[in-house]
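Here's a quick tour of a multi-chain model, written for someone who likes to know the cut-offs. Have the structure open while you read.

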Amino acid sequence: MFSIDPVLELLSRSLDACTLRQGVYAANIANADTVGYRPLEVSFEESLRSAAQLSQSAPSAQQMDVLRQIEPSIVPAAADTVQLDQQLALMDKNAIRYQMLVGGFERSISLLRMAVLEGREG
Amino acid sequence: MGLFNIMDISAAAMGVQRTRLEVAATNLANAQTSSASPGATYQPLAAIVRSVVPSQADPSRMASGAAEDNLPVPVVAELVPMNVAPRRMYEPGHPDADAQGFVNYPGIDPVSTMLDLISISRSYEANLKAFDITRSLLQRSLDIGSQR
Amino acid sequence: MSIESIAALAANALPAAPTQLATVAPAVSTPGAHGAFQTILSGINELNDQLQGAERSLQKLALGEGLDNLHQTMMGMERTRLSLQLLLQVRSRALEAYQELMRMQI
């Protein structure tokens, strides 16, 4: 598929990471009672941010190639044991972030749709 | 894939908690059963919960390469008798009383079993909440593009 | 405020352009028509800036930076959406007026 908009691609990759993070928090909560279980985390946005300084302008094609190399990865969390309330709070935060990203995606799509349809209803 | 697998993780954990609940309830229910010999006393059970990573447990899922298959899922590995010494109560008139007048009851501590029940219920709630959040995300994804 | 400038453009500049075109043919090169064209261009430029701003804030959102002022991001995007809608409306009205002129019997 040809890329309409690098920002849309960024958003969708962020959504991928959000989905994985949701799974990691669900696994942390699910395995809270297992003896010796170490909670997990997802690392993505930090590496994405550091890979390319692009907070000022839209990413160029080369920058997008660099960004596509970065995959979200599962890493051990800082804490030794699972705290249910904290994991739930993190999960809720992640869910809000997911909805924000979907909202941004939809708004962005609706702008494009408007431009494609030249203001006509469709 | 994706969010559905995550719901499976939470659902598996709820199943595990239900098994733990059944075990704790069985132990509590049998706490007052008496027996004449220490060996014949009801042995309280313990549910051993282990975390299993699906991609390691089942090589066929390795090929799928989905990140969710690398997340550990809790399973009840086995139910084992706890091997605790029976509680001996001095009740001379009891039909099960031995020569010294002692009756054997299972070595179940009702207080710690109740505490277990509370922790089980907390875990169950947390997993249910997690399941709900994942479901709401799934629902939100279904709405993508349905608006103008 | 960019919306106001586009609104002004819709209210003043456009009705002016067809009348000038209708009165005399060489009016296309008069300062008035030129001004209207400039206003439209600057409106488009402003909309472009707004779109780029919206893109930047979405990018921040994707990189996990936009969490502190989400309402700004969302309001900015809605403002951009309205501006685009307005510009498209202005464009289709202008086009209608032009076609009306082309059909006119002289």
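## The main core

In this predicted model, the largest nonpolar core has 50 residues. A nonpolar core here is a set of buried Ala, Val, Leu, Ile, Met, Phe, Trp, Tyr and Cys residues joined through C-beta atoms within 7 Å. Buried means that 20 or more other C-beta atoms lie within 10 Å of a residue's own, exposed means 12 or fewer, and partly exposed is in between, with C-beta atoms placed from the backbone. The residues with the most contacts inside the core are A:L11, A:A26, A:I29, A:A30, A:L101, B:I9 and B:A130.

Elements from three chains give two or more residues to this core: α1, β1 (40-43) and α4 of chain A, α1 (3-29), β1 (45-52) and α4 (110-142) of chain B, plus α2 of chain C. Helices (H or I, at least four residues) and strands (E, at least two) are DSSP runs, numbered from the N terminus. The top contributor to the core is α1(A), with 13 residues.

A bit of bookkeeping: residues are numbered from 1 along each chain as its sequence is written, while chains are lettered from A and ligands numbered from 1 in the order in which they are written. Since the model is predicted, local features need pLDDT of at least 70 and side-chain atom pairs count only at pLDDT 80 or more, whereas totals for chains, interfaces and linings use all residues.

## A closer look at α1(A)

Of the 25 residues of α1(A), 19 are buried, so the rest of the structure largely encloses this helix. Its length checks out too: at 1.5 Å a residue the expected span is 36 Å, and the end C-alpha atoms are 36 Å apart. That expectation is 1.5 Å times one less than the number of residues.

## Where A meets B and C

Contact means that two C-beta atoms, placed from the backbone, lie within 7 Å. Chain A puts 28 residues into its contact with chain B, which supplies 34. On the chain A side, α1 (6-30) and α4 (84-116) each give two or more residues, and α4(A) has the largest share, 12 residues. This side divides into 18 nonpolar, seven polar and three charged residues. Nonpolar covers Ala, Val, Leu, Ile, Met, Phe, Trp, Tyr, Cys and Pro; charged covers Asp, Glu, Lys and Arg; the others, Gly among them, are polar. For a single-residue view, A:A30 touches B:I9, B:S10, B:A12, B:A13, B:V73, B:P74 and B:N127, leaving aside residues up to four places away in sequence.

Chain C uses 18 residues to contact 21 of chain A. On the chain C side, α3(C) gives the largest share, nine residues. The split there is eight nonpolar, six polar and four charged.

## Chains B and C on their own

Chain B has four helices and four strands, running α-β-α-α-β-β-β-α from the N terminus on. Its radius of gyration is 23 Å, whereas a compact globule of 148 residues would be near 15 Å; the radius is taken over C-alpha atoms, and the globule rule is 2.2 Å times the number of residues to the power 0.38. The C-alpha trace of chain B spans about 85 × 35 × 15 Å along its principal axes.

Chain C has three helices and zero strands, and 24% of its 106 residues count as buried.
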